[in-house]
Amino acid sequence: MDRRCWLPVCVILLMALQDSSQERVEGFTRGKVILPCRYNAMPAKEVTIFWRYKDDRNVYNIVSGKSDLTDQDRQFRDRTRIFPEEWANGNFSLLLTDLKDSDSGSYSCFIPRVNILHQVELSVQEKPTPEVGPKSSSMSIKGQNLILFLFLLLSPDLHFL
Ligand SMILES: *[C@@H]1O[C@H](CO)[C@@H](O)[C@H](O)[C@H]1NC(C)=O
């Protein structure tokens with residue numbers, strides 16, 4: 001069998017796998033979220049990554065290992081962070097802070113050097129209202145009351161034994 005025939009098939013399969021790489025990330029308003037993007041290690045000086053929102057809005061540019069925020073969309077000003085110390089691990093994740101409803105949508109991490117586009121679908125939800133806190137603690141108080149109640153209910157029996 002001619003093994004060369006299989007090479008294009010493998011390449012197409014790999015491309016198909018990469019194209020389909022999409023992740024979903026959830027966050028809460030006023031919270032923060034990590035938008036993941038991984039690629040096996042490339043030399044830090046050569047790291048060039050374009051983070052985009054809805055295909056064309058500039059979220060973050062890393063050019064030859066340096067941040068370049070000159071064309072960053074105003075929507076993301078002062079709300080992004082990258083982690084150069086993670087690049088050696090092939091981790092090009094982006095931190096987005098002070099989340100807003102309007103941040104929901106698709107983000108892409110494009111690595112031109114290897115022509116890889118990784119997509120992350122972000123969904124930002126309204127932060128649960130504070131009443132959830134007291135509610136859950138009152139539930140644990142109820143739980144404690146129940147244990148106390150059972151204890152009181154059962155303890156007279158103990159005396160009669
Ligand atoms: C990538 O780096 C970020 C920031 O340090 C970290 O939160 C995240 O867990 C890392 N991802 C992986 C898969 O290691």
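Where is the place of E85? Select E85 and look: this residue sits in the loop between strand 6 and strand 7. Keep in mind that you are viewing a predicted model.

**Stop 1: E85**

Stay on E85. Is this residue buried or exposed? E85 counts as exposed, because E85 has 9 C-beta neighbours inside 10 Å and the cut-off for exposed is 12 or fewer. Now add A44 to your selection. E85 and A44 are 41 residues apart in sequence. In space, their C-alpha atoms are 9.2 Å apart.

**Stop 2: the sheet of three strands**

Next, select strands 2, 7 and 6. These 3 strands form an open sheet, in the order 2-7-6. Their pairing is antiparallel. Strand 2 (33–35) and strand 6 are the edge strands, and each pairs on one side only. From one strand to the next, the twist averages 30 degrees.

Zoom in on strand 2 and strand 7 (residues 94–96). The two run antiparallel and are joined by 3 bridges. Pick I34 and find its bridge partner in strand 7: that partner is L95.

**Stop 3: around the ligand**

Keep I34 selected. Which residues are around the ligand? They are I34, F83, E86, N91 and S93. Colour this shell by class: you get 2 nonpolar, 2 polar and 1 charged residues.

**Stop 4: the sheet of six strands**

Now select strands 1, 9, 8, 3, 4 and 5. This is an open sheet of 6 strands, ordered 1-9-8-3-4-5. Here the pairing is mixed. Strands of a sheet pair through backbone hydrogen bonds, either parallel or antiparallel.

Which strands stand at the edges? They are strand 1 (22–28) and strand 5. Each has a single partner strand, so one side of each is left without a neighbour in the sheet. The twist in this sheet averages 20 degrees from one strand to the next.

Move to strand 3 (residues 49–53) and strand 8 (residues 105–111). They pair in the antiparallel sense, over 4 bridges. Select W51, then look across to strand 8: C109 stands opposite.

**Stop 5: R74**

Finish at R74. Follow the chain out of strand 5 (66–68). R74 is in the loop between that strand and strand 6 (80–82). Why does R74 count as exposed? R74 has 8 C-beta neighbours inside 10 Å, and 12 or fewer is enough to count as exposed.

Last, select R57 as well. R74 and R57 lie 17 residues apart along the chain. Their C-alpha atoms are separated by 9.5 Å.

Terms used:
Residues are numbered from 1 along each chain as its sequence is written. This is a predicted model: local features need pLDDT of at least 70, side-chain atom pairs count only at pLDDT 80 or more; totals for chains, interfaces and linings use all residues. A residue is buried if 20 or more other C-beta atoms lie within 10 Å of its own, exposed if 12 or fewer, and partly exposed in between; C-beta atoms are placed from the backbone. A residue is near a molecule or strand if its C-beta atom, placed from the backbone, lies within 6 Å of it. Ala, Val, Leu, Ile, Met, Phe, Trp, Tyr, Cys and Pro count as nonpolar, Asp, Glu, Lys and Arg as charged, and the others, Gly among them, as polar. Two strands pair if DSSP finds at least two bridges between them. Axes are lines fitted to C-alpha atoms, for helices over the stretch in contact, and angles run from 0 to 180 degrees between N-to-C directions.
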